[in-house]
Amino acid sequence: MNAPDKYLELINLTKKYGEVTAVDGISLTTGATQYVCILGPSGCGKSSLLRMIAGHEVVTSGDIVLEQNNITDLAPADRGSAMMFQSYALFPHLSVRDNVAFPLKMRGVEKSKRHGVAEQFLERVQLDILADRLPSQLSGGQQQRVALARAMITNPQIMLLDEPLSALDPFLRGKIRSELKALQRALAIPFIHVTHTQDEALALADLIVVMNDGHIEQAGPALEVYNTPRTEFVARFLGGHNIVEAEKGKVSIRSDRIKIGSKKTKNSLNATVSEIEYQGSKIVLLARSERDLEISAEIPDSDFFQNPIEVGESVLLSWKADDAHLLAG
Ligand code: ADP
Ligand code: MG
């Protein structure tokens, strides 16, 4: 664990497409073995940022430093990075083995040698027995693993993944998500994983970077970002938070910190229940305050069923002062 803590540095990185500024002066430093998730809504510049790191997009201004080498203007193959795309981008006419061996072919490695190495990497993703198949003869999850093996075969110093799970069904998404995390730990290299899915980022990331409109809203450990969103944007985008107008400005309060109370305090408000949603282990209750604010409360199922509430009822919603975090702006 004596790896440098400045592994990848983005310095004032900007990408413009004509009039459109897709990435607007981003600066970020990540550690040597961090799982980093870039999280943000569609169109906020995530892919542009990742493609600049990969070298698939020309940088408009700023620098990219990887392990103290300035790689801003290097060709993709000379950067020590590997990229995995949302669509996997497998060659349909090549076997699984030849797909995985492809980067070695580009580097002039002869056939029997590259096939040998490809088979080792296919073993790692448990696909060695399917090496002769074509991509079209594989399931989505298997294609995803082929793409991963192909990305790993060059022994990258950093792995770049653009929405790698979005083409999978929810069950496979969860399964491959944990495989990705295990793989990142085994390789002990940083993964930079772009996603617009909050729970994916929370589940995977050592470092979450929330992007909005080309800039970083907040970067920090998952726990920190979830517990103390810096801005209203972050709180709303993560979900599971309420924004309440307090004396000194807007505060965020996690929905699972809102309780149904009986004593009116300065950290409570009266509201009318508008919706009750059963979610298995918890109940999500939506209520409208007297000042027309929508509040969501997550209540453990056991608590709820001890004291069931119905739509239309008036409730007093309360929270602890410590659970309200002042938002910037
Ligand atoms: P995300 O991956 O977060 O959805 P993108 O990086 O793909 O965001 O896009 C950011 C912005 O840049 C969007 O407004 C998009 O329309 C624009 N954009 C992306 N690629 C190009 C391109 N090749 N030419 C022009 N505009 C682009
Ligand atoms: Mg994208």
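Which residue does the side chain of Arg-51 meet in a salt bridge? In this predicted model, the partner is Glu-57, and the N to O distance between the two side chains is 2.8 Å. The two residues fall into separate accessibility classes, since Arg-51 has a relative accessibility of 26% and counts as partly exposed, whereas Glu-57, at 18%, counts as buried because the limit for that class is under 20%. The pair belongs to a wider set, as a search of the whole structure finds 15 salt bridges.

Two further pairs involve helix 5. Within this helix, which spans residues 170-187, Lys-175 and Glu-179 lie four residues apart, or about one turn of the helix, and they form a salt bridge in which the closest N and O atoms are 3.3 Å apart. Lys-175 is partly exposed, with a relative accessibility of 38%, and Glu-179 is likewise partly exposed, with a relative accessible area of 26%.

A salt bridge is also found between the side chains of Lys-181 and Asp-206, with an N to O distance of 3.7 Å. This pair links distant parts of the chain, 25 residues apart, with Lys-181 placed in helix 5 and Asp-206 in the loop between helix 6 (198-204) and strand 9 (207-212). Lys-181 counts as buried at 14% relative accessibility, while Asp-206, with a relative accessible area of 33%, is partly exposed.

Beyond these pairs, salt bridges also occur as a network, in which Arg-254, Asp-256, Arg-257 and Asp-323 are linked.

Methods: Residues numbered from 1 in each chain as written. Chains lettered and ligands numbered in written order. Predicted model: local features only at pLDDT ≥ 70, side-chain atom pairs only at ≥ 80, totals over all residues. Heavy atoms only, no water. Salt bridge = Lys/Arg side-chain N within 4 Å of Asp/Glu carboxyl O. Buried < 20%, exposed > 50% of the residue type's maximum accessible area, 1.4 Å probe, protein only. Helix = DSSP H or I, 4+ residues; strand = E, 2+ residues; numbered from the N terminus.
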